[in-house]
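Trainee: Could you please guide me through a close look at one part, the central framework and what rests against it? I should like to follow it strand by strand, and to have each term explained as it arises.

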Amino acid sequence: VDLAAGTSRYLIETIPEGASDIEALCLDIDRRTLNHAHLATGERRILFRHANALWLDEHLLKLAEKVNWKPNVILASGFYEYQPDDVVRDHFKKVSRFIDTGGLFLGIAQFKNPNRKLIEKVGRQQNGRRWILYYRSPDILRSWLVAAGFLDEKVYADRWNQYVFCVGRKK
């Protein structure tokens, strides 16, 4: 499952066309982006659905229980840097409840974007509000992963210190 998936270009480029052993469910709130992504999917088993990534417990958890299904991998990239701390901590907990036992969670957040001032000055969210980027240290994100119930957590910045990768397995 790719949360706040956008066009999921990285999945489209990674999953080979015609691969029958890989499925992806990509969720995003922007229908235009999802339509664009769907057109680029080709013969890949990627399903795009309109959904708010913050509503895991209200919608997806109920669906997973109804059809007796839980994802074994959840990815969230380009999402957490736009959310305040309480939302991210809560979201980590929701992901932990949604993912299957032993499942892998990969959350990616910006850490030190050199364009932060420009983004915050000119960027706008879909609701018209200014974009405000929330940067968090790897240590803070690691503590939230542990509090959410993930094991084997690894949290590290890329070599440019621009992105933080949060990886954990569900207990």
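Mentor: Helices here are DSSP runs of H or I with at least four residues, and strands are runs of E with at least two, both numbered from the N terminus. The model is a predicted one, in which local features need pLDDT of at least 70 and side-chain atom pairs count only at pLDDT 80 or more, while totals for chains, interfaces and linings use all residues. Residue numbers start from 1 along each chain as its sequence is written, and side-chain values rest on heavy atoms, with hydrogens and water left out.

Let us begin with the sheet itself. It is open and is formed by 7 strands in the order 3-2-1-4-5-7-6, with mixed pairing; two strands pair if DSSP finds at least two bridges between them. Strand 3 and strand 6 (150-157) stand at the edges, and because each has a single partner strand, one side of each is left without a neighbour in the sheet. For orientation, strand 3 covers residues 46-50, and strand 7 covers residues 163-170.

Strand 4 is a good place to look closely, since it can be followed on both of its sides. Strand 4 comprises residues 73-77, and strand 5 comprises residues 104-110. On one side, strand 1 (residues 2-3) is joined to strand 4 by 2 bridges, and these two strands run parallel. Asp2 has Leu75 of strand 4 as its bridge partner, and Leu3 stands opposite Ala76 of strand 4. On the other side, strand 4 pairs with strand 5 over 5 bridges, again in the parallel sense. Val73 stands opposite Leu104 in strand 5, and Leu75 has Leu106 as its bridge partner there. Leu75 is therefore a useful residue to locate on the display, as it is the bridge partner of Asp2 and also that of Leu106. Strand 5 itself is largely enclosed by the rest of the structure, because 5 of its 7 residues are buried. Buried means a relative accessible area under 20%, exposed means over 50%, and partly exposed lies in between, with a 1.4 Å probe and protein chains only.

Ser77 also belongs to strand 4. With a relative accessibility of 23%, Ser77 counts as partly exposed. Its contacts (heavy atoms within 4.5 Å) include Leu3, Ala4, Tyr10 and Ile108, leaving aside neighbours within four places in sequence. Leu3, one of these contacts, is the residue that stands opposite Ala76. As a landmark of distance, the C-alpha atom of Ser77 is separated by 19 Å from that of Val146, which is 69 residues away along the chain.

Next, consider the helices. Helix 4 lies across strand 1, strand 4, strand 5, strand 6 and strand 7. Helix 6 (residues 138-147) lies across strand 5, strand 6 and strand 7. Strand 5, strand 6 and strand 7 thus appear in the list for helix 4 and again in that for helix 6.

Lys94 is a residue of helix 4, which runs from 85 to 98. Lys94 is buried, with 10% relative accessible area. Beyond the residues up to four places away in sequence, Lys94 touches Leu54, Leu56, Asp57 and Glu58. The loop between strand 4 and helix 4 holds Gln83. Gln83 is buried as well, at a relative accessible area of 15%. Neighbours within four places in sequence aside, Gln83 is in contact with Leu54, Val88, Tyr134 and Arg136. Leu54 is thus touched by Lys94 and is also in contact with Gln83.

Helix 2 (residues 31-40) offers one further residue to examine, namely Ala37. Its relative accessibility is 1%, so Ala37 counts as buried. Not counting residues up to four places away in sequence, Ala37 touches Gly6, Thr7, Ile12 and Phe48. Phe48, one of those contacts, falls within strand 3 (46-50), which is an edge strand of the sheet. Ile12 falls within helix 1 (9-14). The C-alpha atoms of Ala37 and Arg9 are 7.4 Å apart, although 28 residues separate the two along the chain.

To retrace the path, find Leu75 in strand 4, move across to Leu106 in strand 5, and then look for helix 4 lying across both of these strands.

Notes: Axes are lines fitted to C-alpha atoms, for helices over the stretch in contact, and angles run from 0 to 180 degrees between N-to-C directions.
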